[in-house]
Amino acid sequence: MSLFLFQLRGELWKLFARKRTYIGYGVFLSVEILVMVLMHMPQGQRGIKKLIEGHGGIFEEYFSGLTVALMMMAITLFVLGGLYLSLIAGDLVAKEVEDGTMRMTLCRPVSRLRVLTVKYVVCVIYTFTLVIFVGATALAVGLLMRGTGGLFTLFIGVDVFELYDFGPGFARYLLSLPCFALSMLTMSTFAFQLSCWNVKPASATISALSVFFVDWILHEMPYFESYRPWMMRTHMDTWINVFREPMPWPKMLEDYSILIGLDATFFIVGAVVFASRDFKS
């Protein structure tokens, strides 16, 4: 175990020593500030006021830091988060193979499965840290500019609409962060699996994004509604159920079981491909 932790520390150091690792953090923080500024303009406030009051809420009470943070996180994470998670996860193996450092790593007395497992744990850590960073900074910016207040939640696609006081809303918001990260992990794992193939890092990233965008497009088409249980986006959206009252724990457990099953399948496929590759040439 101590050797595993030592290798994990080395992989984390390699990941966070790269400047491109921090692009996602910087972009999200910039977007959050931009969105907050736009929301404070008269045009932005009119739209949000119409939305809140149109659903029976009091604008002054529910146009709060919590509401703004949830809006920013829900809108940006699936698109921008998918981009940067695929970028980093698609780099983890393919970039080292491209640079030639993977051959040096495999010269040491350590199994390929151990090497891949350590890299996948780094992928998991990065996914959770990025999502939690986005959620925490969105909340900090929201509270700084709008202060405390009730939480207004509206997700039309999954029929979730609830109004919460600050205390219960804050608890639900915090619980949604690891749930959202677990949903996004499927995207990271798929990109990581592609990184194990004999492809360039950019190809792994683009291929992963293409698959998930196609899945998203098909999910949004109303005449494909009967196929939605077979689409990844359907199960990835289960994090939204955190804001449903009461929380449908059996449904969430079922969805996350499917997602974890997909993660395990992607990792196994990647491990089989990685173990069979020839890195000598």
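What volume does the largest pocket have? The answer is about 850 Å³, and that open space is a good place to start a walk through this structure, which is a predicted model.

Let us look first at what surrounds that opening. The largest pocket is lined by 31 residues, and the closest to its centre are Phe 155, Ile 156, Gly 157, Val 158 and Ile 240. Five elements give two or more residues to this lining: the helices α5, α10, α11 and α12 (249-276), together with the strand β1 (151-155). Helix α5 makes the largest contribution, with seven residues. If you sort the lining by class, you will find 16 nonpolar, seven polar and eight charged residues.

Now move to the second largest pocket, which holds about 550 Å³ of space. Its lining counts 22 residues, and those nearest the centre are Gln 7, Glu 11, Lys 14, Thr 105 and Arg 108. Here helix α1 gives the most, with nine residues. At least two residues each come from α1, α6 (94-99), α7 (101-106) and α8. The class count for this pocket is nine nonpolar, four polar and nine charged residues.

From the pockets we can turn to the enclosed spaces. Rolling a probe the size of a water molecule over the atoms shows where empty space is left. How many cavities of 30 Å³ or more does a search of the whole structure find? There are two.

The largest cavity contains about 90 Å³ of space. To find it on your screen, pick out Phe 78, Val 79 and Gly 82, then Met 187, then Leu 209, Phe 212, Phe 213, Asp 215 and Trp 216, and finally Arg 233 and Met 236; these residues line the cavity. Three helices supply at least two lining residues each, namely α5 (65-89), α10 (201-220) and α11 (232-236). You have met these three already, since α5, α10 and α11 are also among the elements that line the largest pocket. For the cavity, the largest share comes from α10, with five residues. Its lining has eight nonpolar residues, one polar residue and two charged ones.

Two of those lining residues deserve a second look. Arg 233 lies over the face of Phe 78, at 4.2 Å from the ring centre. Both Arg 233 and Phe 78 belong to the lining of the largest cavity.

The second largest cavity has a volume of about 40 Å³. Around it you will see Glu 11, Lys 14, Leu 15, Arg 18, Leu 92, Glu 96, Lys 119 and Val 122. Glu 11 and Lys 14 are familiar names, as they also appear among the residues nearest the centre of the second largest pocket. Helices α1 (2-17) and α8 (112-146) each give at least two residues to this cavity's lining, and α1 has the largest share, with three. By class, the lining has three nonpolar and five charged residues, with no polar ones.

Helices α1 and α8 also meet through aromatic rings. A pair of aromatic rings is described by the distance of the centres and the angle of the planes. The structure holds 21 aromatic pairs. In one of them, Phe 16 and Tyr 126 have ring centres 6.5 Å apart and planes at 50°, so this pair is tilted. Because Phe 16 sits in helix α1 and Tyr 126 in helix α8, the pair ties together parts that are 110 residues apart in sequence. Are these two rings buried or exposed? Phe 16 counts as partly exposed, at 24% relative accessibility, whereas Tyr 126 is buried, with a relative accessible area of 2%.

A second pair, Tyr 25 with Phe 133, is edge-to-face, with 4.9 Å from centre to centre and 85° between the planes. This pair too links distant parts of the chain, as Tyr 25 lies in helix α2 (residues 23-40) and Phe 133 in helix α8, 108 residues apart. Tyr 25 counts as buried because its relative accessibility is 12% and the limit for buried is under 20%. Phe 133, at 25%, counts as partly exposed.

To put these rings together, follow the ring pairs that link Phe 16, Tyr 22, Tyr 25, Tyr 126 and Phe 133 into a cluster.

Methods:
Residues are numbered from 1 along each chain as its sequence is written. This is a predicted model: local features need pLDDT of at least 70, side-chain atom pairs count only at pLDDT 80 or more; totals for chains, interfaces and linings use all residues. Side-chain values use heavy atoms; hydrogens and water are left out. On a 1 Å grid over the protein atoms alone, a cavity is a set of points where a 1.4 Å probe fits but cannot get out, and a pocket is an open set with protein on both sides within 12 Å along at least five of seven lines; lining residues have an atom within 4 Å of a point. Grid points are joined across faces, edges and corners, and a volume is the space filled by probe spheres set on the points. Helices (H or I, at least four residues) and strands (E, at least two) are DSSP runs, numbered from the N terminus. Ala, Val, Leu, Ile, Met, Phe, Trp, Tyr, Cys and Pro count as nonpolar, Asp, Glu, Lys and Arg as charged, and the others, Gly among them, as polar. Rings of Phe, Tyr and Trp (its six-membered ring) pair if their centres lie within 6.5 Å; planes under 30 degrees apart count as stacked, over 60 as edge-to-face and the rest as tilted. Buried means under 20% relative accessible area, exposed over 50%, partly exposed in between (1.4 Å probe, protein chains only). A charge sits over a ring if NZ of Lys or CZ of Arg is within 6 Å of the ring centre and within 35 degrees of the ring normal.
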